[in-house]
Structures are given as C-alpha cells and as structure tokens.
Amino acid sequence: MNKIGLAMVGLIVLLTSCVNDGKTKLKVGDWLGKIEVSESQQLPFEFTLSQNEDGGYEMKVFNAEEVITIDEFTFNGDSIDIRMPIFEGHISGTYTSNEIIGKFIEESKERSVPFRATYGAKDRFEAEKDAVVNISGIWETYFKVNTEDEYPAKGIFMQNGNKVKGTFRTKTGDYRYLDGVVTGDSMKLSAFDGSHVFLFLAQVTDSTLDGKFYSGKHAVQEFMGARNEAFELPDSNDLTYLREGYDKFDFSFPNSDGEMVGLDGPMFDNKVVLVQIMGTWCTNCLDETRFYVDFLKNNPDLDLQFVGLAFEYAKTEEKAFEGIKRLKEREEVPYPVLLAQYGTSNKQKANEKLPMLNHILSYPTTIYIDKKGEVRKIHTGFNGPATGKKFVEFKKEFNKIIKELTSEAPETES
C-alpha cells in the first residue's frame, strides 16, 4: 500500500477512535444526593436527571412540593461542575455514569461541604420502623435554646404514615420546604434548595420535640418544641420601623450602569413605591421576588413601582452585579435592583446604609411608601409558599393594601 493509502487508513482509524471515545454519560433517571453536614450526619435529597435532544442535562431537585430545575452542566474529562439556577453555589467534582463525588461550594460565603450522589431510586430517609407518633399540627419551637440568641419559631407539619412535610416559620421568614420521615420516635427532615443545606433531627413524643438543626457544616443549633395549636409569632408588620427623628425613607445606590438612583428619580413620581431589601443569595427573597414578579404581570396598570436594594456576599462589585443580572434574567424581574452593599450581608453594616430604620432584622424586608412619600408599612421577612395558610393570608393582605395605596390621590403641587 502506498503512503497516501496508509495515511487514509490512519485517518479513518483516528476518526473512528474519536467517535468511540465519547464522554461518559450520566445515567438518566432517579438519583439520591447526600451532603455532609458533620462527621456523623449527612443531608439526603432526591433528584432526577434527564437529557434533551442536544444532549444537555437537566436536573430536577425535589423538596416536598418544591421542584428546582438546574440546567447548567460543564464537563471536562471526568470532571463535572453543576451550577445552581439563581444562587452562586455549585457542585464540583468527578463523575462516572452512576456516581458524582465532589463538593457543594459557595465561594463568597467561603463554604464548602462534601457531596456525593448515586444513581437509582432510593428513599430520602430510610424509615426503619413504623412511626409511634404523628406530629401533624402546630409546634411552639425555640432554636439556640438556653443561649442569649434563643429565638422562637412555629413548626407546621403534616404527617401521613411515616412521611412528613412542613416547615418552621420564624420572625424573619421560613425554613423552606422540609421533607422527611418519622421513624419510631425520631423525626428526620431535610431541604436542599441550591443555597441552603438544612437538616433537622429530633426525638419526638406526642407533645414534645428535642433536636438539632444543621445548616451546612457551618452552624448547628439545638431546638426544642411543644405542641401548641394556638401559638403565634410576633406580627411581622411591627418589627421594623422608622427611628425617632426620621419622617421619610430614602436611599441612593448604583444600578448596573453606575447611575445613582434614589426616591427622587422620575420613575417614582406619583407612584406607590415598594422598596425590597434583599439579597440574591437569599431563598426567602427569591420566593418574595417571584411573588412580586407574578403580581406585576397580573396587574400591569397600577401606579406602582418596585425597587430592590441588594445586600450581597459577593467579594467584588463586578461579581455582585453579575448575581443581580442573573436573578433579573432568570426570573424576568422587571423592576430595578440596585447594589446597596457587597462583600458582606452583615445586618449592622446594612443599617449604616439605611440609618432611618430601627434595624434590619431580616432579608427580605419591604417598605411600603405612598404617593406622597410617606412610609405606610414595613413588613419584615416573607412567609413563602411552604407556609401554606400563612402564605395565603399574606397574599390577601398584600392585595388589600396595594389596592388601598394605589387608589389614593398623589401629592399635589402647591
């Protein structure tokens, strides 16, 4: 065979080997992920993997009724990186067709926890025994018990056999969609939402809870609860208010174009203004943002203007604006989100930026300002859809006050 013929054969062999040497494919179907929260405890969560016609992967994470869709996968040899849809967190590691081993990483928060996922349908928690108690109902609960930082929460649970769903509400929001079991006299609940890594373990009786709450590997809190159907948290409309000596709320922060924006801007003239104090890292803020976006889509003609003030963990201004842009694009946020602070979400430092408030107790917090520029209400926290009845109550209250404020006449010039 001549040199040309040999070269052609060599080329055919080379092309064939490239085709046969394709990337390892992840198996589609049910998977179980586990995130290490201590040397002895792991947080489990269920997800599925599928592929589209172009070969791209889609991951759906399940927490009770919540479904989180993740579609940003990057492969390099046997390495894999899976980026969360809104938040900066990502899973980075190595993979085979039926296993992923690595870490869940949030650079700005300087947090990294071991992660492992395996292919195949498995229960979130193994219910080794029949439940000896049903925890359905309302629980008066206290976290960080017997410390100066102790705080109250309202446990809201529904149990069917071994299966349990629900959440804990606090003064500042809720702990999202918790999913798990009661096995014997042990309660096990978890949630992974792309930002928070929550695991709750407790010993239970008909009337008490005694347990530990793991938030990633960076925080462990003891909690205790007692069944109390009449328990209520403080009114979220009374927690934050204007300091004595201030009669107005104001701000001046940059948008992504570097322009300073304040309440004296033309977009706010003769409109009801809702100022959302938030962060792109905050899941309760995301729930609230989705509610606001949906409300604006359904009520496009109201004299109403939202503006977000973002307090970001991101270390640089550029990274902070990247997070804001990602949120606005992914959630189709139509209102401006300004950068109030980056490098930390410290609430004391946030208060220095907004000194007219007695404190910033929670992300999110929303200030309701009427057409005359008067603060009419400040709502601390957000009771998201995981809280069920409380979320329904919030929506009714929100619609009522917006209707009232937007129907009022604007300030007239003298």
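## Phenylalanine 311 and its strand

In this predicted model, phenylalanine 311 stands opposite glutamine 341, a residue of strand 23. The strand pair behind this is formed by strand 22, residues 304-311, and strand 23; the two run parallel and are joined by 4 bridges. Strands of a sheet can pair either parallel or antiparallel, in each case through backbone hydrogen bonds.

## The five-stranded sheet

Strands 22 and 23 belong to an open sheet of 5 strands with the order 23-22-21-24-25, and the pairing in this sheet is mixed. At its edges are strand 23 (337-341) and strand 25 (375-380), each of which pairs on one side only. On average, neighbouring strands of the sheet are turned by 20 degrees against each other, direction ignored.

Helix 2, made of residues 283-298, packs on the sheet. This helix touches strand 21 (272-278), strand 22 and strand 24 (365-369), and its direction makes about 155 degrees with that of strand 21. Helix 3, residues 317-331, lies across strand 21, strand 22 and strand 23, and runs at about 145 degrees to strand 23.

## Nonpolar cores

The largest nonpolar core has 57 residues. Those with the most contacts inside this core are Phe249, Phe251, Val275, Leu309, Leu354, Tyr363 and Phe398. Two or more residues each are given to the core by strand 21, helix 2, strand 22, helix 3, strand 23, strand 24 and helix 5 (389-406). Helix 2 supplies the largest share, 7 residues. In soluble globular proteins, nonpolar side chains tend to be buried together.

Tyrosine 363 has contacts that include Phe311, Ile277, Met278 and Trp281, leaving aside residues up to four places away in sequence. Also among the residues touched by tyrosine 363 are Thr172, Asn284, Ser345 and Lys347. Another core, of 31 residues, lies apart from the largest one; Tyr57, Ile80, Ile91 and Ala117 are among its members.

## Valine 197

Valine 197 is found in strand 16, which covers residues 197-204. Valine 197 counts as buried because its relative accessible area is 5%, and the limit for buried is under 20%.

Not counting residues up to four places away in sequence, valine 197 touches Ile35, Val37, Leu43, Phe104, Ala191, Phe192, Tyr214, Ser215 and Gly216. Lysine 217 is 20 residues from valine 197 in sequence, and the C-alpha atoms of the two are 8.7 Å apart in space.

How values were computed:
Residues are numbered from 1 along each chain as its sequence is written. This is a predicted model: local features need pLDDT of at least 70, side-chain atom pairs count only at pLDDT 80 or more; totals for chains, interfaces and linings use all residues. Side-chain values use heavy atoms; hydrogens and water are left out. Two strands pair if DSSP finds at least two bridges between them. Axes are lines fitted to C-alpha atoms, for helices over the stretch in contact, and angles run from 0 to 180 degrees between N-to-C directions. Contact means heavy atoms within 4.5 Å. Buried means under 20% relative accessible area, exposed over 50%, partly exposed in between (1.4 Å probe, protein chains only). A nonpolar core is a set of buried Ala, Val, Leu, Ile, Met, Phe, Trp, Tyr and Cys residues joined through side-chain atoms within 4.5 Å.
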